[in-house]
Amino acid sequence: MRGLWKYISPFAPDQSGAAAVLYGLNGIVVICDAGGCAGNICGFDEPRWFSGRKSAVFSAGLRDMDAILGRDDRLVEKLCDAAETIDASFAAIIGTPVPAVIGTDYKALKRMAEKKLDMPVITIDTTGMDYYDKGIERAYGALFPAFADKNLKPEADTVGILGAVPLELMHPGDIEWISQSLAEEGWKQILLFDEIDDYKNAGKASLNMVVSPAGLKAAQYLKETFGTPYELHYFGLDAVVNFDDNLFAGKNVLIIHQQAAASAMAAMAEEAGAARVTTASWFMDKPEIRHESHVVLKEEDDWRDLADNDNFDLILGDLYYRRALPNFHGQYVDFPHFAVSGRG
């Protein structure tokens, strides 16, 4: 039945993706909601809250009449109050279903806020109706034009990593592991874009590595602006399987993850001797990243129709998906995806 999900809980929404990009950038982040969306972001979709690293995230606390009458001045007033007590570099307003329903004019809201604040203001038109990756893409789309120094030139020892937010990775701690791996490869300056200075220095990168489809649009913008080349690169596949133990040899394989991760794993599986490899995802579908045999999923039933049978010998995907496949009798290998299961 369309829209009926019996086995798999909802994935992280777009406002969570936007908030993940903004986390720790020394900005005042306002979730334009009544309180529930901010609670989900802080309680479930952002593991770094438990790491000790601080970020100033507020709920707009919209009441019924505020939403009905579109009282943007109340939101700006609250934002100004927060700015008096927090030493921030900028302010960001993230959309949720409430402003989407009432048709909030984000450009007007930005102008109103910047007139009262002595700092830049960015707005991210998320609606709560898309998945987290759309929010990541839109956050990058607001941050790079606003903060990237257009006068900088590429430096040979500097690399940028786009899309490496916890929601896109296997485990939240993979961000630190990626940085360590690149340092061992000889990169002196690694821009993870988890600090505001990384956005200012984006033009210094001589190469951008794109970890997820959500980072592709930003990589294309940086190429147009600075001429920076980019390549697709997902890290840590060796931690999922040992490609030398004949796991894939002669097998029909299904891989489900975000598209960059799934395509990278598919290439490795084919090299390891898989007879046939299919990838699948509920998330962004980018032609530049898509594996030649890729299935775009819309409903839970799409997943069951594809995989709840013996058409595949081996499935690699988050263990959370396994519960929807009672009739699959092959081998299932855990390929974690934080936005799906929230496992640290």
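**Two parallel sheets and their packing**

Colleague: Which residues does Thr228 touch, not counting residues up to four places away in sequence?

Modeller: The model is predicted. Leaving out residues up to four places away in sequence, Thr228 touches Ala205, Ser206, Leu207, Asn208, Leu222 and Lys223.

Colleague: Does Thr228 count as buried or exposed?

Modeller: Thr228 sits in the loop between α10 and β8. The cut-off for buried is under 20% relative accessible area. Thr228 has 1% relative accessibility, so the residue counts as buried.

Colleague: What is the order of the open sheet of four strands?

Modeller: The pairing in this sheet is parallel. Its edge strands are β6 (189–191) and β8 (230–232), each paired on one side only. Neighbouring strands are turned by 25° against each other on average, direction ignored. The order is β6-β5-β7-β8.

Colleague: Which residue in β7 stands opposite Leu162?

Modeller: Strand β5 covers residues 155–162, and β7 covers residues 205–210. Five bridges join these two parallel strands. Opposite Leu162 in β7 stands Val210.

Colleague: Which strands does helix α10 touch as it packs on the sheet?

Modeller: Helix α10 spans residues 216–226. Its direction makes about 160° with that of β8. The strands touched are β5, β7 and β8.

Colleague: How far apart are the C-alpha atoms of Leu152 and Phe226?

Modeller: Leu152 lies in the loop between α7 and β5. Among its contacts, not counting residues up to four places away in sequence, are Lys200, Gly203 and Phe226. Leu152 and Phe226 are 74 residues apart along the chain, yet their C-alpha atoms are separated by 8.2 Å.

Colleague: Why is one side of β11 and of β13 left without a neighbour in the sheet?

Modeller: These strands belong to an open sheet of five, with the order β11-β10-β9-β12-β13 and parallel pairing. β11 (294–296) and β13 (331–334) stand at the edges, so one side of each lacks a neighbour: each has a single partner strand.

Colleague: Which residue in β10 is the bridge partner of Val253?

Modeller: Strand β9 (residues 252–256) pairs with β10 (residues 276–281) in the parallel sense, over five bridges. In β10, the partner of Val253 is Val277.

Colleague: What angle does helix α12 make with β9?

Modeller: Helix α11 (residues 259–271) packs on this sheet, and its direction makes about 170° with that of β10. Helix α12 (residues 300–307) lies across β9, β10, β11 and β12. The angle of α12 to β9 is about 165°.

Colleague: Which helix gives the largest share of the largest nonpolar core?

Modeller: This core has 64 residues. Those with the most contacts inside it are Leu22, Tyr199, Trp303 and Tyr321. Beyond its neighbours within four places in sequence, Leu22 is in contact with residues including Val29, Phe90, Ile122 and Leu143. The largest share, eight residues, comes from residues 132–147, helix α7.

Colleague: How many residues are in the other core, with Leu182 and Met209 among them?

Modeller: This core lies apart from the largest one. Val241 and Ala269 are also among its members. The number of residues is 35.

Colleague: About how much space lies in the second largest cavity?

Modeller: The whole structure holds four cavities of 30 Å³ or more. The second largest is lined by 10 residues, and Ala164, Val165, Leu192, Phe193 and Asp194 lie nearest its centre. Its space is about 50 Å³.

Technical notes:
Residues are numbered from 1 along each chain as its sequence is written. This is a predicted model: local features need pLDDT of at least 70, side-chain atom pairs count only at pLDDT 80 or more; totals for chains, interfaces and linings use all residues. Side-chain values use heavy atoms; hydrogens and water are left out. Two strands pair if DSSP finds at least two bridges between them. Axes are lines fitted to C-alpha atoms, for helices over the stretch in contact, and angles run from 0 to 180 degrees between N-to-C directions. Contact means heavy atoms within 4.5 Å. A nonpolar core is a set of buried Ala, Val, Leu, Ile, Met, Phe, Trp, Tyr and Cys residues joined through side-chain atoms within 4.5 Å. Buried means under 20% relative accessible area, exposed over 50%, partly exposed in between (1.4 Å probe, protein chains only). On a 1 Å grid over the protein atoms alone, a cavity is a set of points where a 1.4 Å probe fits but cannot get out, and a pocket is an open set with protein on both sides within 12 Å along at least five of seven lines; lining residues have an atom within 4 Å of a point. Grid points are joined across faces, edges and corners, and a volume is the space filled by probe spheres set on the points.
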